[in-house]
Amino acid sequence: MDRREFLKQTSLLSVLPWVPAAIAAVPAGRRSMLELTAREGTAQLADEGGPRTRIWGYNGLVPGPMIRVKQNDWVRARLTNRLTVATTIHWHGIRIDNAMDGVSGLTQDAVKPGQSFDYAFQVPDAGTFWYHAHTRSWEQVARGLYGVLIVDEAEPVAVDNDYVLVIDDWRLGQDAQIHEASLGSLHDWSHAGRLGQWLTVNGKPHEKFSVEDGQRLRLRVVNTANARVFTLSFGALKPHVIAFDGQPVTPRPLGKFLTIAPAQRADLIIDMAADPGESAAVDVITRREVIQVAEFVYGHTRDANAKLSAPLISRLPANPLSTALDLTDPVRTGLLMEGGAMSGMKSAILKGERRSIQELIKQGAVWAFNETVGMTDTPLVSARRGQTVVIDLRNQNRWPHAMHLHGHHFKVIEREGSAVDDDAWRDTELVQPGESVSIAFVADNPGKWLLHCHMLEHRAGGMTTWLEIT
Ligand code: C2O
Ligand code: CU
């Protein structure tokens, strides 16, 4: 984050026109067609008064338009490609019809420049989701092609305010433009991925929320970074987690920090208690710095009777997931995660042939699952609809990986050989270096589904495979 100060100092280069807030809610529903045009745009990523950054965004915005629908609604969205390269949209975390999953080369052809594609799907689960480019995503997400998708519970949840905090890190040059020369850098691919040095929340350097004493907030935190795991501190606030990755969990105190890996979401409940004029901060903690990214500013106090009398936080209504795991006779497979810098991988299979690490490096093929780089002709797992699938992830390298499964949510059933007792159902799980994690899910959604690392450079470098459910 060392350029933050620098950008502050070089802020006053030009006078720029005022633009409306980056997150504009777009109504969706049974009838209306959302227009999502992937195109170039600019965003005020740097501090106010500084240069605008040229980005790629849906409708030219970062984040893209916020899509908000009710549980079981249909989303109809026309992607129009006004870029010079092909693209697709993936609806991350939505248990979607396979044909709408947006994975170019697996579930659809990439949408060419000038062309469009209509997505239409029903949203079975209420919760916090997001959408992003899924063609060369390591470049397209880094340039800004993502947005938030909120699915509201059928019965509204009792909170006074519902806020979103989309966290991203950008690698900007000294001109506040995206550092393009390092897109695709082998160093990034073989290490932690593309890490930025400039933080944004909701597409700007800092967010301010107005609150009142006695209010209860729902805060939806979304990590849209290519590769950075964020550690958030809420200072004196005492948030409770009510959902991870869109799925309700038994409400639990957050503890000291929120660790949120790329693509993960966390829904928090925060009860505000302070006098007018006071404020509370949300900080991102890095090894070297504490960066305030958001602030809750207390306005006038409502009359005392309006204060929350019952501090109880109830569990969100369950989504219609198949949670009945049959662990007596699952389809079970191992996934050995290898590669990356300092990890000693000597060779791996690339396009059917074993190659030495020297040859692999030349092609950026520096990661492997089960000794194989990237996609294979046959799936890692094929399961029949309704079967329980268990995947034993073994991270045998020096890097953390945010493992994401498409089309399903899974439960972590074992970590380091010990049973895990948690009611979280996730679509993305952070697996630490050296760690073994077993995940399980009911294969109830037919189709071809990716399983990959969501550190997007790792995926591009080979950490991707697929499952088939028939
Ligand atoms: Cu959000 Cu295949 O990814
Ligand atoms: Cu990874």
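**Note on the predicted model: burial, copper site, pockets and backbone**

1. Thr388 has a relative accessible area of 4% and is therefore counted as buried, the cut-off for that class being under 20%. The residue belongs to strand β26, which covers residues 388–395. Leaving out residues up to four places away in sequence, Thr388 touches Ala324, Leu325, Asp326, Leu327, Pro330, Val331, Phe441 and Val442. Its C-alpha atom is 8.8 Å from that of Asp444, although the two residues are 56 apart in sequence. This and every point below refer to a predicted model.

2. The largest nonpolar core comprises 82 residues. Within this core, the residues with the most contacts are Tyr58, Trp91, Ile94, Phe121, Trp170, Ile391 and Met403. The element giving the most to the core is strand β9 (residues 146–152), with five residues. A second core, separate from this one, has 35 residues, among them Leu237, Val282, Val293 and Phe296.

3. Ile94 may be taken as an example from the largest core. Apart from neighbours within four places in sequence, Ile94 is in contact with Phe121, Gln122, Val123, Pro124, Phe129, Leu149, Val151 and Gly407. Of these partners, Phe121 is also listed among the core residues with the most contacts.

4. The copper ion (ligand 2) is coordinated by ND1 of His401, SG of Cys453 and ND1 of His458, at 1.9 to 2.1 Å. The spacing of these donor residues in sequence is H-x51-C-x4-H. Since His401 lies in strand β27 (residues 401–405) and Cys453 in strand β32 (residues 447–453), the pair ties together parts that are 52 residues apart in sequence. His401 counts as buried because its relative accessibility is 0%, and Cys453 is likewise buried, at 0%. Water is not among the atoms, so the site may look incomplete.

5. The largest pocket has a volume of about 710 Å³. Its lining consists of 24 residues, and those nearest the centre are Leu195, Arg228, Val229, Thr286 and Arg287. Two elements, β14 (230–233) and β19 (279–285), give two or more residues to this lining. By class, the lining holds twelve nonpolar, six polar and six charged residues.

6. Two cavities of 30 Å³ or more are counted. The largest cavity encloses about 80 Å³. Its lining is formed by Ala142, Asp168, Asp169, Trp170, Arg171, Ile178, Arg194, Leu195, Gly196 and Asn226. These lining residues divide into four nonpolar, two polar and four charged. Trp170 is also named among the residues with the most contacts in the largest nonpolar core, and Leu195 is also listed for the largest pocket.

7. The second largest cavity has a volume of about 50 Å³. It is lined by Arg95, Leu321, Ser322, His408, His409, Trp425, Phe441, Val442 and Asp444. By class, the lining has four nonpolar, three polar and two charged residues. Phe441 and Val442 in this lining also touch Thr388.

8. Glu278 lies in the loop between β18 (265–271) and β19. Its relative accessibility is 39%, so the residue is partly exposed. Beyond residues up to four places away in sequence, Glu278 touches Phe296, Val297 and Tyr298; Phe296 belongs to the second nonpolar core. The C-alpha atoms of Glu278 and Glu153 are 32 Å apart, with their positions 125 residues apart along the chain.

9. Three backbone features deserve inspection. The peptide bond from Val62 to Pro63 is cis, with omega near -15°, and Pro63 sits in the loop between β3 (53–58) and β4 (66–70). Arg136 is a residue other than glycine with positive phi, near 45°; its place is in the loop between β8 (127–133) and α2 (137–140). Ala176 also has positive phi, near 65°, and lies in the loop between β10 (161–170) and α3 (186–190).

10. Are the two residues with positive phi buried or exposed, wholly or in part? Arg136 is partly exposed, as its relative accessible area is 46%. Ala176, with a relative accessible area of 0%, is buried.

Technical notes. Residues are numbered from 1 along each chain as its sequence is written. Chains are lettered from A and ligands numbered from 1 in the order in which they are written. This is a predicted model: local features need pLDDT of at least 70, side-chain atom pairs count only at pLDDT 80 or more; totals for chains, interfaces and linings use all residues. Side-chain values use heavy atoms; hydrogens and water are left out. A nonpolar core is a set of buried Ala, Val, Leu, Ile, Met, Phe, Trp, Tyr and Cys residues joined through side-chain atoms within 4.5 Å. Buried means under 20% relative accessible area, exposed over 50%, partly exposed in between (1.4 Å probe, protein chains only). Helices (H or I, at least four residues) and strands (E, at least two) are DSSP runs, numbered from the N terminus. Contact means heavy atoms within 4.5 Å. Donors are N, O and S atoms within 2.8 Å of the metal (3.2 Å for Na, K and Ca); water is not among the atoms, so sites may look incomplete. On a 1 Å grid over the protein atoms alone, a cavity is a set of points where a 1.4 Å probe fits but cannot get out, and a pocket is an open set with protein on both sides within 12 Å along at least five of seven lines; lining residues have an atom within 4 Å of a point. Grid points are joined across faces, edges and corners, and a volume is the space filled by probe spheres set on the points. Ala, Val, Leu, Ile, Met, Phe, Trp, Tyr, Cys and Pro count as nonpolar, Asp, Glu, Lys and Arg as charged, and the others, Gly among them, as polar.
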